[in-house]
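Biologist: Please take a close look at one helix pair in this model and describe how the two helices meet. Add what surrounds that description elsewhere in the chain, if it helps.

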Amino acid sequence: MPVWLREHSWRQTLTAVYLSLPLRGARATPGSIFCSEQYLKVSVPPFLFEAVLYAPIDDTNSTAKIGNGNIFFTLYKKEPALWDSLTLANTDKEKLQNLRENAVLKAQEKAKEETEARKITKQEHKKYALEATMKLEEAERKRIEDLKEKERTKVAKELELWKKQQKDGDKYKSIQKKGELHQEVEPLKERKNEKMNKTGIPNDRTSKTRLKSTKGSCSIFSQNLKEEQLPAPRAAATIKVNFTPRVFPTALRESRVAEEEEWLHKQAEARRIINSDLAELEDLKEEEKNPDWLKDKGNKMFAMGDYLGAVNAYNLAVRLNNSLPLLYLNRAACHLKLRNLHKAIQDSSKALELLTPPVPDNENARVKAHVRRGTAFCQLELYTEGPFRLLQNTLEQSPHTHTHI
């Protein structure tokens, strides 16, 4: 049989009702609360609270906060007015049953509508993503076609230039052949003129022709001689330049080699762990494989009260890098909130192992680890291992702070 919670306090304004419900040491979760327009229920075993509200409320914008052993409700009225009481008076069992069933049906319909809305939104997002992908592919195809067109234009120009060079070469060869033929014919003419001179028959026309042809032949040979004197093209060669291999962009004289080597070792270790768990981590994004990013995400979830989500984030970060004491320290805080006391002790002890040797820089972290481990021992009623061990370790590792204890 449930125990009915009768003790509660409330106050109101024209637009809102503020209700405070004590839990008497019970631990409530958001799933323990059910609220509709005119029905409010809180089920925290073994306690139960039910109320048929005096007037309808806006259950969408109304809020409930859990903390310090109480639940604080902020219920916004649909119509501004002052209520005579928090609940309806003289509510019989049949009317309460009808209100309860109607509230459950409305909640189911609302959940179904929200599911359908999420489904439609997801389909719209998929459609938008598909359209964006198609646009990107179309732009990529257009870019490739433009590159092909440029290459075709470039090859066509190179082909025209090659044809022109071939044509000029053929023309030069024909001129060279004509010069060689003229060189062969010239001695024959000279011998013929010599014979004619020996016989005493002058021939002015022949002499003029010979002079003209001699001048023409000299110009051709001089042009050929100039072209033959051109230097040969240089031979192709390969110059190899060797550089000192560097992972970091700074010069070696400006770098801190020891810290760089430590960073590279940590990166290699993280990559090794990621590769060993590749089947499980292949769906993660690139930033989700960074332990620091996962630690920040876990901190945000812890601040929002999502302790299970924070534990999952810290678990994945520990799998990627198991040498960061803050991961174990923060996970111990989550286990304390979730009442996983033995796990809180284990994580606090692991953080203390990593926080060695004790130096002033890690003093705050060590104090937190001792406090969380001592808190877990106290809640397990192991007082010898709890406050006494906490005080002893704090005095041994932080002697200069004993005056504040």
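Modeller: In this predicted model, the contact between H7 and H8 involves Pro325, Tyr328, Leu329, Arg331, Ala332, His335 and Leu336 from H7. On the H8 side, the residues they meet are Leu341, Lys343, Ala344, Asp347, Ser348, Lys350, Ala351 and Leu354. Helix H7 covers residues 325-337 and helix H8 residues 341-354; their axes come within 8 Å and cross at roughly 160°. Angles over 145 degrees count as roughly antiparallel, and H7 and H8 are therefore roughly antiparallel to each other. The crossing in which H7 passes H8 is left-handed.

Tyr328, one of the H7 contact residues, also belongs to a nonpolar core of 19 residues that includes Leu294, Leu338 and Leu355. This core is separate from the largest one, which has 21 residues. In the largest core, the residues with the most contacts inside it are Val42, Phe49, Phe73 and Trp83. Strands S3 (16-22), S5 (39-44), S6 (47-52) and S8 (70-76) each supply at least two of its residues. Beyond its neighbours within four places in sequence, Trp83 is in contact with Trp10, Gln12, Val17, Leu53, Tyr54, Ala55, Pro56, Ile57 and Lys77.

S3 and S8 also belong to an open sheet of 4 strands, ordered S2-S3-S8-S7 with antiparallel pairing. Its edge strands are S2 (9-12) and S7 (63-67), each of which pairs on one side only. Neighbouring strands in this sheet are turned by 15° against each other on average, direction ignored. S7 and S8 pair over 5 bridges, and Thr63 has Thr74 in S8 as its bridge partner.

Terms used:
Residues numbered from 1 in each chain as written. Predicted model: local features only at pLDDT ≥ 70, side-chain atom pairs only at ≥ 80, totals over all residues. Heavy atoms only, no water. Core = buried A, V, L, I, M, F, W, Y, C linked by side-chain atoms within 4.5 Å. Buried < 20%, exposed > 50% of the residue type's maximum accessible area, 1.4 Å probe, protein only. Contact = heavy atoms within 4.5 Å. Pairing = 2+ DSSP bridges. Axes fitted to C-alpha atoms, helices over the stretch in contact; angles between N-to-C directions. Parallel < 35°, antiparallel > 145°, perpendicular 65-115°, else oblique. Left-handed = near helix turned anticlockwise from the far one by under 90°.
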